[in-house]
Amino acid sequence: MQHQDATARADAPEEAREFPIPPGVFAETVVWVKHYTDSLFAFRITRPQSFRFRSGEFVMIGLPNAAKPVFRAYSIASPAWDDELEFYSIKVPDGPLTQHLQKIRPGDTVLMRQKPTGTLVLDALKPGKRLYMVATGTGIAPFASLIRDPETYEKFEEVVLTNTCRDVADLAYGDELVEALTNDPLIGELVAGRLTYYATTTRQDHPRMGRITSLIESGKLFSDLGVAPFDPATDRGMICGSMAMLNDVKALMEKAGLEEGSNSRPADFVVERAFVG
Ligand code: A2P
C-alpha cells in the first residue's frame, strides 16, 4: 500500500513540508522502533503487498524530507516470510540519512526503493553442511533475516553466527534476536541444536573476546565450537561488516580453499560489499 500522506515529520523540520513520493519508491509506515545504544537502533515498517525479496538481500532506504531524498543501502533484517520489514542501523550524528532516520517514531513514513538486491543469499552458495555467517557491527542485519528463514535450515545442517562488536552493549540486538528465535513457537524447534551464536567483543570485557579474524587464525573459534577448521568440502560462508573485516575474512576463507561465489556463479562463500553501517 502506498501512503501518499508522507511528510517531513521524522526530520523535525521548522515547517512540516510535504514532498511527492519519487517514482519507483514505496512509502511505508514505521510500526516499531527500538534504541539499543546511543549509536544503534532497529525499526520495523509495513511491508508493501507486492514487495518480494530473498532473505539476506538489501534495499535502498530514505526519508520523505526532501524533493530528492538521500537513499542508503540497508539489509533487510526480517525474513522473507515476515509481514513487516525490519532494519538495524547505526546513528551518525551528521550522517546525511541517519541523523534524521534515528528520530523516526511509529506512524512516520520511510521511503524504500522497490528493487531488492544482494549477494548474501542462499542461492549464491553451493550445497554444504555448515554455514558460517560472519558479522561485525550492524553487519548482523542480513543474518537476522537468514537465521529466521526455515530455508536456511533446509539447506544446512548447522549454522554458526558470529557477532563481533567493540562493546558489550553493541551485541544486544544479536543477543535478543537469537534468544527470541530459540524461544519462538514456530521456528524454535527447527533451530534448536542447529544454530550456534558466537558473540565476541574487542574493547570491553566479555566472556569471549577478540576479532573474529584472530579467532579464526588461532583456531580458537573452531576449538570453541568443537569442529575442524574451514573445509571447502563441508563449510560455506557469508561475510558482512566493515570493508577491512570483509577483506581479512575473505583472505582467511580463500587460504582454507574456499572460493568466492555470486548470484550468477554459486560457490563456497559470499561477501556483501554494498553494506553501509
Ligand atoms: P576492533 O575494536 O579491534 O577495531 P567497527 O565499529 O569499527 O565497524 O568495528 C566493529 C568490530 O569489527 C570491532 O569489534 C572491530 O574490532 C572489528 N574489526 C574491525 N576491523 C576488523 C578487521 N579488519 N578484521 C576483523 N575485525 C575487525
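Here are legends for a few close-up views of this predicted model and its ligand.

**View A. The whole protein, before we zoom in.** The fold is built from 8 helices and 11 strands. Its radius of gyration is 19 Å, close to the 19 Å the globule rule gives for 277 residues, so the protein is as compact as a globular protein of that length. Along the principal axes, the C-alpha trace spans about 60 × 40 × 35 Å.

**View B. The ligand in its pocket.** The space the ligand takes up is the largest pocket. Two elements each give two or more residues to the shell around the ligand: strand 8 (158-165) and helix 8 (243-255). Helix 8 gives the most, with 3 residues.

**View C. Who surrounds the ligand.** Going along the chain, you'll find Thr136, Thr164, Cys165, Arg166, Thr202, Arg203, Arg211, Thr213, Ser242, Ala244, Met245 and Asp248 around the ligand. Sorted by character, the shell comes out as 3 nonpolar, 5 polar and 4 charged residues.

**View D. Polar contacts, atom by atom.** Start with Thr202: an N or O atom in its side chain is 2.6 Å from an oxygen atom of the ligand. Arg166 also uses its side chain, with a polar atom 2.9 Å from a ligand oxygen. For Met245, look at the backbone instead: a polar atom there is 3.4 Å from a nitrogen atom of the ligand. As for how much of the ligand is covered, on its own it has 550 Å² of accessible area, and the protein covers 80% of that.

Key: Residues numbered from 1 in each chain as written. Predicted model: local features only at pLDDT ≥ 70, side-chain atom pairs only at ≥ 80, totals over all residues. Heavy atoms only, no water. Near = heavy atom within 4 Å. Polar contact = N/O pair within 3.5 Å; in protein donor to acceptor, adjacent residues only side chain to side chain. Areas by Shrake-Rupley, 256 points an atom, 1.4 Å probe, with all protein chains shown as cover. 1 Å grid on protein atoms, 1.4 Å probe; cavity = no way out; pocket = protein on both sides within 12 Å on 5 of 7 lines; lining within 4 Å. Sits in = over half its atoms within 2 Å of the grid points. Helix = DSSP H or I, 4+ residues; strand = E, 2+ residues; numbered from the N terminus. Nonpolar A, V, L, I, M, F, W, Y, C, P; charged D, E, K, R; others polar. Rg over C-alpha atoms; globule rule 2.2 N^0.38 Å.
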